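Student: I would like a close look at one part of this protein. Please keep it brisk, then show how that part sits in the whole.

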Amino acid sequence: MSSDKRVHRRYAVEVAAEVDVGADVLVASTMNVSNGGVGLSLDRPLEEGKTVGVMLFLTQDGIEDPDEEPFEAQAEVMWATEQEAGRYIAGVRFGTLDRSQEEQLQRFLVALEG
């Protein structure tokens, strides 16, 4: 997908993440984050079209913010592929976010601009 078709600006940032796939919780890290979703790097593949739970451990300057709870949302796996032996990447789109989720994500993204 070319960047001119993207609805939300992507912020290249790596934060720790967890992906709840039902029977397992996978450890992941982000490659980028936007208002609409997140790019993930994992050691196991995700199934395209599947709904997963995503938890992002938001940081400021690489330090976890003690005043901020992790960001949690449901998301749909839009694409997934093997990046290299034993590493996978996936793009997930957030489902409907409530007001507090939107505000929390927006605070994080605005801080990345500063």
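Student: Which residue in β3 stands opposite valine 33?

Tutor: Valine 38 does. This is a predicted model, where local features need pLDDT of at least 70, side-chain atom pairs count only at pLDDT 80 or more, and totals for chains, interfaces and linings use all residues. Numbering starts from 1 along each chain as its sequence is written, and side-chain values use heavy atoms, without hydrogens or water.

Take β3 itself. The strand covers residues 37-42 (strands are DSSP runs of E, at least two residues; helices are runs of H or I, at least four; both are numbered from the N terminus). Six of its six residues are buried (under 20% relative accessible area with a 1.4 Å probe, protein chains only; exposed is over 50%, partly exposed in between). Strand β3 is therefore largely enclosed by the rest of the structure.

Now split β3 by face. Side chains in a regular strand alternate between the two faces of the sheet. In β3, one side carries Gly37, Gly39 and Ser41. The other side carries Val38, Leu40 and Leu42. Both faces are covered, and these residues are all buried.

Next, the partners. Strand β2, residues 25-33, pairs with β3 in the antiparallel sense (pairing takes at least two DSSP bridges). Five bridges link β2 and β3. The hairpin from β2 to β3 passes through three residues. Valine 33, opposite valine 38, belongs to this part of the picture. Strand β8, residues 87-94, also runs antiparallel to β3, and six bridges join them. Serine 41 of β3 stands opposite isoleucine 89 in β8.

Step back to the whole chain. The protein has eight strands and one helix. Along the sequence, the eight strands come before the helix. The C-alpha atoms fill a box of roughly 35 × 35 × 25 Å along the principal axes. Of the 114 residues, 39% count as buried. Take contacts (heavy atoms within 4.5 Å) between residues at least 6 apart in sequence: 51% of them join residues at least 24 apart.

One residue outside β3 adds detail. Alanine 73 lies in strand β7, residues 71-84. Its relative accessibility is 5%, so alanine 73 counts as buried. Beyond neighbours within four places in sequence, alanine 73 is in contact with Val52, Gly53, Val54, Phe94, Leu97 and Gln101. Phe94 falls within β8, the antiparallel partner of β3. From alanine 73 to glutamine 83 is ten residues in sequence and 25 Å in space, C-alpha to C-alpha.
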